[in-house]
Amino acid sequence: MYGQKNELNRNEEDRDLKGQKKKKKDDTPKQATKIDLGVVFLENAYRILKDNGRLGIVLSNSIASIDSHRIARQWLMNKMRIVAMFDMPANVFAETGVNTTIIVAYKPSDDELERLKEQNYEIFVRDIQKVGYEVKTSKRVKFFSPVYKINYETFETEIDQDGNPVLDEDFTQTITDFRNWCVGQEKTLQDLFIKVK
């Protein structure tokens, strides 16, 4: 595999692709050697936003957590007002095996962003665990099976006012918590995310 050392190139470890001797390692932070398409999508999404444009993007959570993406995170914080981050469980988007993060942000003016950073603005962060379904397999075919809330006093499925079973999910409460959190934030954020239009 490209970029990985193996037995065949062990003697050539000190040479680059052109056969030149590699420079000795120093203590400077490592840069990413591959381009993460999520970072490319993020940059393109930023470029097409108008002033006060809103952004919601699903990315691999490696961008939010791995050291090699530190520069991308710094770039994002210098360009946008990050409003919320929602960590999702693995396989929430089919069988990808990838943990994802939903980033919600908006593009303020440069002056407003500097003012917000000086005020050390808050970010709404939530770890979503329950998504209302689980992946099952039947006859080697994977499918999504709904998971319903259980009333632990009666051990029966909870039913809503319309007589429908209630999914066991974190989204409904998260949306309520997010709206309540927005009330304590700057007016621009309130206008963009909770004001009725």
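Four strands make up an open sheet here, lined up in the order E1-E3-E2-E4 with mixed pairing. Keep in mind that this is a predicted model. Besides the sheet, there is a helix pair to look at: H1 and H3, whose axes come within 11 Å.

**The sheet**

- On the edges sit strand E1 (54–60) and strand E4 (124–127), each of which pairs on one side only.
- Going from one strand to the next, the twist averages 15 degrees.
- Strands in a sheet pair through backbone hydrogen bonds, and they can do so parallel or antiparallel.
- Strand E2 (residues 81–87) and strand E3 (residues 100–106) run antiparallel, with 6 bridges joining them.
- If you want a spot to find that pairing on screen, look for Ile82, which stands opposite Ala105 in E3.

**The H1 and H3 pair**

- A pair of packed helices is described by two things: the angle between the axes and the distance between them.
- For helix H1 (residues 37–48) and helix H3 (residues 70–79), the axes cross at roughly 15 degrees and come within 11 Å.
- H1 therefore counts as roughly parallel to H3, since angles under 35 degrees fall in that class.
- The crossing of H1 and H3 is left-handed.

**Who touches whom**

- On the H1 side, the contact involves Val39, Leu42, Glu43 and Tyr46.
- On the H3 side, Ala72, Trp75, Leu76 and Lys79 meet them.
- Sorted by type, the residues of the contact of H1 with H3 come out as 6 nonpolar, no polar and 2 charged.

How values were computed:
Residues numbered from 1 in each chain as written. Predicted model: local features only at pLDDT ≥ 70, side-chain atom pairs only at ≥ 80, totals over all residues. Heavy atoms only, no water. Pairing = 2+ DSSP bridges. Helix = DSSP H or I, 4+ residues; strand = E, 2+ residues; numbered from the N terminus. Axes fitted to C-alpha atoms, helices over the stretch in contact; angles between N-to-C directions. Parallel < 35°, antiparallel > 145°, perpendicular 65-115°, else oblique. Left-handed = near helix turned anticlockwise from the far one by under 90°. Contact = heavy atoms within 4.5 Å. Nonpolar A, V, L, I, M, F, W, Y, C, P; charged D, E, K, R; others polar.
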